[in-house]
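Colleague: I should be grateful for a close look at one part of this model, namely a loop residue and the sheet beside it. Please then carry the account on to other parts that deserve comment.

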Amino acid sequence: MSDLNPKVFSTALEALERRAQRARYVNDPVAWAKDMLDQELWSKQKEVAESVRDNRKTAVAAGHGVGKLLDQEEWHITPTGWVQTKDITPGAELFDEQGCITRVTGLSPWWDQDVYRVTFDDGETVEAGENHEWDVLDLTKRSRANGTKSGVKDWRDRWDAATRVTTKEMFDSLRTPSGQLRWKIPLAKPLQMPEADLPIDPYLLGFWLGDGTASTGAITIGESKRALIEWLTERSYEFVVRELDREAEGATIFIPALRVPLKTLGVLDNKHIPTQYLRASEAQRRELLAGLMDSDGFVMKAHGGPDVGIDLTREALFEGVVELVKTLGCSVRRSTGEAAYTLDGVRHVTGTRYRANWRPLENPFKIRGETWADTATQRSRHTARTVVSVEFIERRKGRCIEVDSPSHLYLGGSGLIPTHNSHVAAILMCWWIDVHPLDEVFVASTAPFQAQISAILWKQVRVFHALANRRFAQGLIDHPLPGYITSQNEWKTDDGIIIGQGRKPPDGETDSGFQGLHATYLLAIGDEAAGLGAQLIDGLTNITTGEHNRMLLIANPTDPSSAMAKLWKTKDSAWNLMHISVFDSPKITGEDFPADRMTAITGWDYINERKTEWGESDPRYISRVTGQWAFDAGNSVFADTDLARAANCVVIPDPDAKPRQGWDIARSAKGDYTVGYTAIEGEVWETDPQTGNPVRGTGQRGLQVRLIDKWQGAPLVGADPDNPGSATRIDRHALGEGAWLVAIDSAGLGSGVIDGLRDLGFGRGKYQVFEYYGSGPTTDRRAFTNQRAQHYFALKDMMFAGMIDLDAEDETVMDELRGILYEYDSKGAKKIESKDDMKRKGKKSPDFADAVIYASFDMSPFLEGETVGMKPGDGKVVPARDIAREVTAERRARRFIPV
């Protein structure tokens, strides 16, 4: 033992300790989540994790929001790093829109509010309360009088042209009447911070981060980068140049003085940008970026403008570069792909390529001689972000921050925020990969919508993968999660071997969609599994037959007719069946749980709101609140599998197609909405099962159905510029979209809007108005009690046939369609639950679902010849009574009117 090298002994002992720790984690996913990701699970989540460890098959029916855990409070950039809202105190330093440091002067109490996700055109997102105020550029208020119609070179200098609006106001009016995106927010100017005392010249560190040898102070350069040698000589660095062979045409530069400071910064074998460099002066940060760009950057000439980009293979370094560019006042777009090289005609994948590209306002290169030239063309558009969507998330606690900047503005950034029960599933996927041998492990996942796979579960997996990498870089854990994750939702080892995959098999191939997957340790996950068909669940079952394989289905129990629900009906003993109710959450039970993370979990506010909106007997309350299957609550017209088909369907509108619009009318300032949908005809396209992108046309015809707008509190008619009437708004939308027909429910308030449209001249004769009569007679009275029932089931049939393309992210209409119930009358005809019955039960009117029906219903049989001889200003109304007469005549003639 006396001859044993102490260093070797210490290394071997550390390896044994790590192996023992991983062996412990195989049997303790809860401890793994806490130690590796700093994610503490509450009691029901622990039960799910332990069930996956102990049982071959686990199915979880969970109420809304009880699987969430990540801190949902927003992050803000500071002179020393990042801070969350919950940790901000009076006197804390943030930044304002001019890039200057500003101090927090006050904090409001915490209160519950509706929270929305605001998404910008560069992919950035911010989550903010409904009353959070934004200074925005309003497209409808640009004019030559205030100099904003033309000639603006830099919107960062035109905050005087901004209008102050709330998140809710942006949500209510995302687009102009002509359909353009309405809101822009100028970018912040470069952050202003004092010069920092840095151990390595920022330019040299940037160059080393790009082209340096990870384990030492050496940099390998090609012929185009030899100017670095001159740069080093001018600054009196000692270095040795070793020329590469002739074919390589380059050299390796050894710089002895680099190794010690690189080690001190913690970047040896761990390339990333240290915080002290990200918070250095603007000049130092520009030097750092120049070093990175001279080593790995490029001009994106294909973009037809002065855009630049950089490709990197280390995620932590990539995230640092993105943050660096943002601190210099630029908007960054990001993408991923495969890093690969070709040798002897064979392409070899080495990992993930992370790409950032942006439009700089000055040359980001220094010595490399890249041809970069600024252009004045459309320069201003790159100094502002456009708001592309504002989506309601949920109701949770928030607070206001007051700062002492002249504008009272401060900069906020997005946190790592989940919105579904997929949180615990994502943790289990990461745990499974980390604790099993990479050559024997695999995770496979699916969901009803392709968008759910990418935007929910695998988004969370990416979040946790990046989190583990950051914690490793900070020295908090002894290893990162292995490999990398591609934009196609594939988890690969550093050698390019796939060890995880998320995909939605094409319809018709669901039973064989995962055929051929085998691994000693295979975990299969069905997310939002109430929308998975029996064949797809069978497909997952078929790949998890091994002794060490596991399968997890997790969902809100929204569809009692689903294949997942049948596991409860048959009490299948092969499955460990679990329920999680909102009443089980720590907010209700008082379970000991970190207070700073409690805001992410649903509690009494959600329960009481859903009780008021739906009533306790509603299937949505039973499933979303109690976590139970509503087997006895009535028949739903639309199964989750129907909605999944509609969400996965892609219809590309014909170039010359004119849309038709459907509007459901309301007048109250709270409660019901006036809401409109557009339906436009086109070809159904087949999609890529990995990305969901359209790949080829099928020749089948279909309808793309999308939300146009919604509002509350508008009068039926009137042209008040601050609150125009619904008729005026609908007229603008119809003209803006070029609609040929506008369908409006003629019962109740709808007739007043139709009168208003008549007074407006029906868009000077450019569209017709169709009075929809839902309680009118049906063409098949043996099957349906009225038109409304017939048309809802016609929509269901079109979904089943793959002819309806609904927005997968339009959760409001999806939820309302789930809540459409039917029953049989005494003659066996289907009867839809009426709005009056819903109101008597305290249930909210399905405004969005009804508007979809009005838009998608085929009125052409009733409109033939209606436009003959029309002149400008001759608008047309097709009255409901005429439709009733036509239907009666069709019945007598025993002919069927297509729906």
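Modeller: In this predicted model, Ser331 sits in the loop that links helix H10, residues 315–327, to strand E16, residues 333–343. Ser331 has a relative accessibility of 18% and therefore counts as buried, the cut-off for that class being under 20%. Neighbours within four places in sequence set aside, the contacts of Ser331 are Asp122, Leu187, Asn357, Trp358 and Arg385.

The strand that follows this loop, E16, belongs to an open sheet of four strands, arranged in the order E14-E15-E17-E16 with antiparallel pairing. The edge positions are held by strand E14 (297–299) and by E16; each has a single partner strand, so one side of each has no neighbour in the sheet. From one strand to the next, the twist averages 35°. At the E14 end, three bridges connect E14 with strand E15 (residues 308–312), and these two strands run antiparallel. Within this pair, Phe298 is placed opposite Gly309 of E15.

Two helices pack on the sheet, and they may be taken in turn. Helix H9, residues 282–296, touches E14, E15 and strand E17 (346–358), and the direction of H9 makes about 75° with that of E15. H10, the helix that precedes the loop of Ser331, touches E15, E16 and E17. The direction of H10 makes about 20° with that of E17.

Other loops offer further cases of burial and exposure. Thr80 lies between strand E2 (75–78) and strand E3 (81–84). With a relative accessible area of 69%, Thr80 is exposed, because that class begins over 50%. Residues up to four places away in sequence not being counted, Thr80 touches Thr275 and Arg279. The C-alpha atoms of Thr80 and Leu94 are 9.6 Å apart, although 14 residues separate the two along the chain.

Two further loop residues may be set side by side for their backbone angles. Glu528, in the loop between strand E24 (521–527) and helix H13 (534–542), has a phi near 50°, a positive value in a residue other than glycine. Lys571, in the loop between helix H14 (563–569) and strand E26 (576–580), is likewise not a glycine and has a positive phi of about 50°. As to accessibility, Glu528 is buried at 15%, whereas Lys571 is exposed at 66%.

There remains the matter of empty space in the model. Rolling a probe the size of a water molecule over the atoms shows where such space is left. The second largest pocket holds about 820 Å³. Its lining comprises 27 residues, of which Ser173, Arg182, Asp722, Pro724 and Arg729 are the closest to the centre of the pocket. Two or more lining residues come from each of strand E9 (163–166), helix H4 (167–172), strand E31 (694–711) and helix H20 (726–737). E9 gives the largest share, four residues. By residue class, the lining of the second largest pocket consists of 13 charged, eight polar and six nonpolar residues.

Technical notes. Residues numbered from 1 in each chain as written. Predicted model: local features only at pLDDT ≥ 70, side-chain atom pairs only at ≥ 80, totals over all residues. Heavy atoms only, no water. Buried < 20%, exposed > 50% of the residue type's maximum accessible area, 1.4 Å probe, protein only. Contact = heavy atoms within 4.5 Å. 1 Å grid on protein atoms, 1.4 Å probe; cavity = no way out; pocket = protein on both sides within 12 Å on 5 of 7 lines; lining within 4 Å. Points joined across faces, edges and corners; volume = space filled by probe spheres on them. Nonpolar A, V, L, I, M, F, W, Y, C, P; charged D, E, K, R; others polar. Pairing = 2+ DSSP bridges. Axes fitted to C-alpha atoms, helices over the stretch in contact; angles between N-to-C directions.
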